[in-house]
Amino acid sequence: MSKKKRTGFSLVTGCAVVVGLLAAALPAQAATTITISPGQSIQQAMDSLKNQGCGTLILKPGTYTVGYGVKVYNGCTIQGESATDRPIIQLAAGKDEPVITNASVPFSNVAAKNLVVKGGLSASEQNLPEYFHKGSTQYNDRISSGAETQASLDARIEAARLNVIGIDFSDKHNDVSNTGATIDNVLVQYSAMGINVGRTSNVTIKNSKVEYNGAVKQYYHGLYLSTVDNVIIDKLDASHNVTGMGLKVTDFYDDRTETSISIKNSKFNYNYDRGLTVYHMNNLYVEGNEAHDNQKSGINIIDCQNGTLKNNNAYNNPNVANVSYDIWLASSSGFTISGNTYGSKNGF
């Protein structure tokens with residue numbers, strides 16, 4: 001193994017070793033690994049990693065303040081060196097962009113592991129009214145009622161830091177199809193949206209926590225997955241998010257073409273809106289989760305087909321018929337239901 005110094009960070013690459021005289025072929029070369037310490041540039045190191053064919057960028061423990069969104073290239077992982085003493089990546093004051101995001105569109109096989117990600121929004125920045133969401137009913141009503149001109153409201157929305165997303169692996173173009181996004185052992189706090197993953201297949205989110213995220217009431221969530229399939233969520237804690245749901249999963253087009261969504265062994269508690277809501281999905285597996293003390297429903301499954309709803313525990317969520325339940329299975333079919341516990345009432 002060789003070790004070289006390059007531009008302030010170490011570059012470690014594997015070398016081929018012939019194990020015996022009869023070896024038929026050399027083993028594959030190990031992926032590149034670059035290790036940096038606080039005070040060094042994450043993006044410079046990531047750029048160098050890309051030039052080496054990608055691999056893993058290792059961050060030693062400490063705090064990294066970034067004045068830019070860290071862009072992760074295809075085939076690259078940004079990872080804390082320690083799973084317990086995780087490095088902190090925090091967005092510099094006043095910046096309005098994702099803390100970590102994909103570098104290209106479409107993207108493939110990007111990952112973030114063993115990190116703490118902080119957006120740095122203040123309490124006042126996380127308490128904006130519904131009409132700050134452009135195109136919403138509240139936005140249109142405020143303009144049509146004469147309470148504010150569209151130009152004035154748009155200017156205020158533009159000034160708000162609504163683009164501060166902790167981890168944003170997504171793209172809004174209709175013709176984009178991304179594949180491979182992994183988030184493991186990551187804590188995301190104080191962002192407008194904690195984690196956003198869109199138009200992506202093969203998504204894994206595990207052993208992670210999103211808390212105290214939010215910006216616009218009702219519309220900005222702890223974790224938001226849109227138009228995704230082949231998703232595994234395991235041991236997620238999406239609680240205490242201040243303007244939206246703990247986790248929202250949706251297909252905008254209501255056609256249920258997305259499939260295989262597994263949400264297991266996770267917590268969705270004390271959120272401003274609902275704990276967990278899934279819309280328009282096929283083959284949905286919701287098992288072993290808890291959802292309590294949310295301001296609206298605990299677990300909502302709406303217009304989904306086929307799957308399981310098992311061994312979930314939901315309680316102390318509002319009970320308003322046809323609006324909020326501890327567990328609500330609405331306009332859905334083909335589910336195996338067993339072992340769920342709930343408070344005053346369920347909706348299935």
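## A strand-rich chain, piece by piece

Let's start with strand β4 (residues 55-59), which is mostly covered, since four of its five residues are buried. Its partner is strand β3 (residues 32-36): the two run parallel and are joined by five bridges. If you want a spot to click on, T32 has G55 in β4 as its bridge partner. Bear in mind throughout that this is a predicted model.

### The chain overall

Zooming out, the protein chain holds three helices and 25 strands. Of its 348 residues, 51% are buried. Take the contacts with a separation of 6 or more: residues 24 or more positions apart account for 63% of them.

### Strands β14, β15 and β17

Now for strand β15 (residues 247-250). Which way do its side chains go? L247 and V249 point one way and K248 and T250 the other, and all are buried. On the pairing front, β15 runs parallel to strand β14 (residues 223-239), and four bridges join the two. β15 also pairs with strand β17 (residues 276-279), again in the parallel sense, over three bridges. V249 is a handy residue to follow here: V249 is the bridge partner of L225, and V249 also stands opposite V278 in β17.

### The β19-β22-β25 sheet

Further along, three strands make an open sheet in the order β19-β22-β25, with parallel pairing. β19 (290-292) and β25 are the edge strands, each pairing on one side only. Three bridges connect β19 to strand β22 (residues 313-315), and these two run parallel. In that pairing, A291 sits opposite A314 in β22.

A314 turns up again when you look at G343, a residue in the segment after β25 (341-342). Leaving out residues up to four places away in sequence, G343 touches A314, Y315 and D326. G343 and N316 are 27 residues apart in sequence, yet their C-alpha atoms are 6.3 Å apart in space. Is G343 buried, exposed or partly exposed? With a relative accessible area of 37%, G343 is partly exposed, because buried would need under 20% and exposed over 50%.

### How α2 and α3 meet

On to the helices. Helix α2 (residues 137-144) and helix α3 (residues 150-159) have axes that come within 9 Å and cross at roughly 140°. That crossing angle is why α2 and α3 are oblique to each other, as roughly antiparallel would take an angle over 145 degrees. From α2, the residues involved are Y139, R142 and I143, and they meet Q150, L153, D154, R156 and I157 of α3. Sorted by class, this contact has four nonpolar, one polar and three charged residues.

Which residues of α3 are buried? They are L153, D154 and I157. Viewed down the axis of α3, its buried residues fall within an arc of 100°, so they line one face of the helix. The spacing fits a general rule: an α-helix has 3.6 residues a turn, so residues three or four places apart point the same way. α2 is part of what covers the buried residues of α3. A151, E158 and A159 are on the other side of α3, where they are exposed.

### Loop residues and backbone oddities

The loop between β16 (259-264) and β17 holds D273. D273 is buried, with a relative accessible area of 4%. What surrounds D273? Setting aside neighbours within four places in sequence, D273 is in contact with Q218, G244, M245, N294, Q295, K296 and S297.

Y270 also lies in the loop between β16 and β17. Y270 has a positive phi although it is not a glycine, and the same description holds for S331. S331 is found in the loop between β23 (327-330) and β24 (333-338). Here are the two residues with their values:

| Residue | Phi | Relative accessible area | State |
|---|---|---|---|
| Y270 | about 60° | 41% | partly exposed |
| S331 | about 50° | 65% | exposed |

One more backbone feature is worth a look: the peptide bond from V105 to P106 is cis, with omega near -5°. P106 has its place in the loop between β9 (100-102) and β10 (108-118).

Key. Residues are numbered from 1 along each chain as its sequence is written. This is a predicted model: local features need pLDDT of at least 70, side-chain atom pairs count only at pLDDT 80 or more; totals for chains, interfaces and linings use all residues. Side-chain values use heavy atoms; hydrogens and water are left out. Axes are lines fitted to C-alpha atoms, for helices over the stretch in contact, and angles run from 0 to 180 degrees between N-to-C directions. Angles under 35 degrees count as roughly parallel, over 145 as roughly antiparallel, 65 to 115 as roughly perpendicular and the rest as oblique. Contact means heavy atoms within 4.5 Å. Ala, Val, Leu, Ile, Met, Phe, Trp, Tyr, Cys and Pro count as nonpolar, Asp, Glu, Lys and Arg as charged, and the others, Gly among them, as polar. Buried means under 20% relative accessible area, exposed over 50%, partly exposed in between (1.4 Å probe, protein chains only). Two strands pair if DSSP finds at least two bridges between them. The arc is that of the directions from the helix axis to the C-beta atoms.
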